[in-house]
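Me: I have a structure open and would like to know what lies behind the words people use for it. Could we go through a few of them together?

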Amino acid sequence: MTLELTRINRRFSDYPALNDVSLSIAPGEFLALLGPSGSGKTTLLRILAGLDYPESGRVEFNGKDFLAAAPRERNVGLVFQHYALFRHLTVAENVAFGLRVRSRRMRPKRAEIDARVEQLLKRVQLDGFGKRYPSQLSGGQRQRVALARALAVEPDLLLLDEPFGALDAQVRVALRRWLRRLHEELGLTTVFVTHDQEEALELADRIAVMNRGRIEQVGTPREIYQRPATPFVCEFIGKANRLALRREDERFVAGGWTFAADPWMGEHAQAIAYVRPEHLTLSTEPVPGAWRARLRHVYLAGSVAHLELDVAALDHALEADIAGEDLARMGLHAGDGLYVSPSHAVIFPLDRDGRPIAGDRWLWRAGMATTPTRLPLRRSEVELDAHRVDGGIQR
Ligand SMILES: Nc1ncnc2c1ncn2[C@@H]1O[C@H](COP(=O)(O)OP(=O)(O)OP(=O)(O)O)[C@@H](O)[C@H]1O
């Protein structure tokens with residue numbers, strides 16, 4: 001069942017917590033709402049759950065007006081970070097709760113409820129725990145009970161708000177893999193709120209990146225990482241080196257490195273480039289045009305080496321990631337001199353005030369034709385409204 005959100009607006013006093021948010025979620029999709037604290041994720045989820053209402057906008061679920069339906073009629077399952085279980089009820093009674101409080105006409109028979117609870121506890125790998133009380137469970141077990149309780153009413157839509165937020169890192173990783181498998185088995189449409197990009201990248205079919213009440217980009221984890229639509233998305237997802245570009249003789253340059261010709265044909269005097277750490281090429285031999293750098297620090301994290309490089313021409317340090325074996329092969333040590341050049345970059349044009357220009361972006365890679373064609377954003381990647389990037393880069 002398709003969930004269609006159209007131009008949702010929600011203000012708190014003067015603050016626009018949600019600003020013209022539109023989003024389409026496909027049946028059976030696992031969509032993550034990802035963004036920093038205060039970006040509007042929970043507000044959006046609460047509206048879907050019927051715990052809050054927008055001032056304007058529409059939500060349709062399978063063609064029906066979702067906002068007109070009372071929370072009870074929406075048939076959603078809800079799990080919050082601190083969705084406390086009823087302490088005085090056992091695990092089994094907690095899971096059965098949603099079924100027991102149904103009107104007599106809708107309520108399944110007692111034996112049926114017991115069978116369903118047993119089946120659900122098995123599904124969340126807590127069979128045998130039915131008689132325990134919540135205080136006798138770990139945090140991860142409690143959240144699995146909360147999930148079983150949400151699933152008991154056979155929801156059409158599962159809404160999860162940082163369900164693993166209060167758990168330690170190892171348990172979080174284990175639970176999110178488990179949740180992904182559960183989602184695949186059940187085929188439910190799931191909306192998952194998180195501010196943890198790793199969680200979103202690993203779990204979701206698609207990610208909606210939120211910033212200051214707006215959706216900056218919606219796409220698969222791969223699209224979001226490889227084709228970020230705005231400077232905010234570049235900076236929020238993964239690591240990126242930020243370079244200020246100036247136009248010189250119809251070309252964009254940074255510290256002596258030329259990013260081929262200007263795809264905007266002189267329309268913009270400045271731009272900003274983002275280069276991922278894995279998109280810096282290092283050499284101990286001179287490379288034409290490459291920046292001269294000094295290796296300040298090396299940090300070996302498993303198979304990847306993180307390098308911090310001082311680049312005099314750029315006036316700031318760069319971060320580069322290379323395979324640990326390449327580091328050994330090149331025999332690099334702190335203090336060594338080397339040559340650095342980008343292999344890929346995402347370039348955004350800036351207006352006269354240094355603000356990114358909405359809906360324009362250039363995916364540059366080394367060896368591109370000297371007169372590259374501009375790559376306009378695809379509509380599916382981003383809402384192309386005029387004020388979309390006002391929450392973008394802060395200079
Ligand atoms: N009931 C309320 N009254 C006033 N302001 C609110 C209310 N609820 C939310 N806000 C404001 O709306 C904005 C969005 O809040 P929301 O909880 O949706 O953000 P979030 O992205 O879920 O953040 P977090 O990750 O910290 O939970 C915030 O600036 C918040 O202070």
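Me: What makes β4 and β5 a pair of strands?
Reply: Happy to help, and please keep in mind that this is a predicted model. Two strands pair if there are at least two bridges between them. Strand β4, residues 56-61, is joined to β5 by two bridges, so the pair meets that cut-off. The two strands run antiparallel, and E60 stands opposite D65 in β5.

Me: Why are β2 and β5 said to stand at the edges?
Reply: The open sheet has four strands in the order β2-β1-β4-β5, with antiparallel pairing. β2 and β5 (64-65) each have a single partner strand, so one side of each is left without a neighbour in the sheet. As for what holds such strands together, strands of a sheet pair through backbone hydrogen bonds.

Me: Which strands does α1 lie across?
Reply: α1 lies across β1 (3-12), β2 and β4. Its direction is at about 60° to β2.

Me: What makes β8 a mostly covered strand?
Reply: A residue is called buried if 20 or more other C-beta atoms lie within 10 Å of its own. In β8 (residues 189-194), six of the six residues are buried. Both faces are covered: T189, V191 and V193 are on one side, with T190, F192 and T194 on the other.

Me: How do you know that β8 pairs with β3 and with β7?
Reply: We can use the cut-off of at least two bridges again. Five bridges join β3 (residues 30-34) to β8, and five join β7 (residues 157-161) to β8, so both pairs qualify. β3 runs parallel to β8, as does β7. To find these places on your screen, look for F30 opposite T190, and for D161, whose bridge partner in β8 is V193.

Me: What makes a residue part of the shell around the ligand?
Reply: Its C-beta atom, placed from the backbone, has to lie within 6 Å of the ligand. The residues around the ligand include F12, Y15, K41, T42, T43 and H195. β2 (15-25) and α1 (41-49) each supply at least two residues of this shell, and the largest share, three residues, comes from α1. By class, the shell has three nonpolar, eight polar and one charged residues.

Me: Where do the two domains lie along the chain?
Reply: Domain 1 covers 3-226 and domain 2 covers 240-391. Their C-alpha centres lie 38 Å apart.

Terms used:
Residues are numbered from 1 along each chain as its sequence is written. This is a predicted model: local features need pLDDT of at least 70, side-chain atom pairs count only at pLDDT 80 or more; totals for chains, interfaces and linings use all residues. Domain bounds come from an automatic or database domain assignment. Ala, Val, Leu, Ile, Met, Phe, Trp, Tyr, Cys and Pro count as nonpolar, Asp, Glu, Lys and Arg as charged, and the others, Gly among them, as polar. Two residues are in contact if their C-beta atoms, placed from the backbone, lie within 7 Å. Axes are lines fitted to C-alpha atoms, for helices over the stretch in contact, and angles run from 0 to 180 degrees between N-to-C directions. A residue is buried if 20 or more other C-beta atoms lie within 10 Å of its own, exposed if 12 or fewer, and partly exposed in between; C-beta atoms are placed from the backbone.
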